[in-house]
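Please open the model in a viewer and keep the selection tool at hand. The tour below proceeds stop by stop, stating what to select and what is found there.

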Amino acid sequence: SDRTWVDRNDLDCAVRFHGQDQILLNSQGSLVSTIDFLQFEKQGWDRIVQSYESFFANVTAHSIEPLLKLAKAGAGDHILDVACGTGDLTAYATKIGASAIGVDIAPAMVKRATYLHPGIPFVIGDAEHLPFLDNRFDAVVCNLGIGHFPRPESAFAEFVRLAKSGGRIALSWWSPPAENSFLGLFFEAIRDSKAPVSDELP
């Protein structure tokens, strides 16, 4: 298949290679292309690696063990961690005896994960076009990442493609802000600041 071994070090080329760009409607009612959305995510995560590692990774770490339990991950399993960030879930999976690979759209995140967890493979990749063969993994997991993909249904189709027959797929995402005081703080701060939202944001 032509989508198996695309060079993931050139995200722009990989996205163009894999079919047509699509136009999405963002939360402000403006039109945005899927390529623009991916670039926004990639560049944003590249910028905040240090602050993510020092603060936010401590929050997302709370769902690592429950998510791996949901995926029934164990010794000997081949695990793919999509949107791996700085690699904490990938590393935890190896500690329980699994063989794990982390993939993230942001090169700076992949670089930091590789530094923090030597010996564990991390690769740059778009969740909708992952650079692996079909039926490769016992479990595909994505911890708080699915909402950052322009077409979540396409990403999920990739997860299905990569999971072995009888394999597991486990995803986590935030509760609504009204039910999640931590996330609610961000939405309240944005609302109270009355800062205008650019139409150019995806």
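Select Asp126 and His129: their side chains make a polar contact at 2.9 Å. A polar contact here is a pair of N or O atoms within 3.5 Å; within protein, one must be able to donate a hydrogen and the other to accept it, and residues adjacent in sequence count only if both atoms are side-chain atoms. Asp126 belongs to the loop between E5 and strand E6 (137-143). Its relative accessible area is 2%, so Asp126 is buried (buried means under 20% relative accessible area, exposed over 50%, partly exposed in between, with a 1.4 Å probe and protein chains only). Helices (H or I, at least four residues) and strands (E, at least two) are DSSP runs, numbered from the N terminus.

The model is predicted: local features need pLDDT of at least 70, side-chain atom pairs count only at pLDDT 80 or more, and totals for chains, interfaces and linings use all residues. Residues are numbered from 1 along each chain as its sequence is written, and side-chain values use heavy atoms, with hydrogens and water left out.

**The parallel strands**

Next, select strand E4 (residues 99-104), in which 5 of the 6 residues are buried. Which strands pair with E4? Strand E3 (residues 78-82) runs parallel to E4 and is joined to it by 5 bridges, and strand E5 (residues 122-124) is also parallel to E4, with 3 bridges. Two strands are taken to pair if DSSP finds at least two bridges between them. To see the register, display His78, which stands opposite Ser99 in E4, and then Gly102, whose bridge partner in E5 is Phe122.

Now follow the connections. From E3 the chain passes through helix H5 (residues 88-95) to E4 in a right-handed β-α-β crossover. Right-handed signifies that, with the strands pointing away from the viewer, the path from the first strand over the helix to the second runs clockwise. E4, helix H6 (residues 107-116) and E5 likewise form a right-handed β-α-β unit.

Move on to E6 and strand E7 (residues 163-172), which pair in the parallel sense over 6 bridges. Ala139 has Arg168 in E7 as its bridge partner. Helix H7 (residues 152-162) lies on the path from E6 to E7, and this β-α-β crossover is right-handed.

**The aromatic residues**

How many aromatic pairs does the structure hold? There are 6, where rings of Phe, Tyr and Trp (its six-membered ring) pair if their centres lie within 6.5 Å; planes under 30 degrees apart count as stacked, over 60 as edge-to-face and the rest as tilted. Select Tyr52 and Phe56: the ring centres are 6.4 Å apart and the planes stand at 35°, so this pair is tilted. Both residues lie in helix H3 (residues 49-60), 4 residues apart, about one turn of the helix, and both are buried.

Then select Phe132 and Phe137, an edge-to-face pair with 5.4 Å from centre to centre and 85° between the planes. Phe132 has a relative accessible area of 10% and is buried; Phe137 is buried at 1%. Add Arg136 to the view: its charged end sits over the ring of Phe137, 4.9 Å from the ring centre. This description requires NZ of Lys or CZ of Arg to be within 6 Å of the ring centre and within 35 degrees of the ring normal. To finish this stop, display Trp45, Tyr52, Phe55, Phe56 and Trp174, which form one aromatic cluster.

**Helix H2 and two loop residues**

Select helix H2 (residues 34-47) and compare its C-alpha ends: they are 20 Å apart, in agreement with the 20 Å expected for 14 residues at 1.5 Å a residue (the expected span is 1.5 Å times one less than the number of residues). Phe37 is found in this helix and is buried, with a relative accessible area of 14%. Add Phe149, which is 112 residues from Phe37 along the chain, although the two C-alpha atoms are separated by 8.1 Å.

Finally, inspect two backbone angles. Lys72, in the loop between helix H4 (64-70) and E3, has a positive phi of about 55° although it is not a glycine. Leu144, in the loop between E6 and H7, has a positive phi of about 60° and is likewise not a glycine. Is each side chain's residue buried or exposed? Lys72 is exposed at 64% relative accessibility, whereas Leu144 is buried at 12%.
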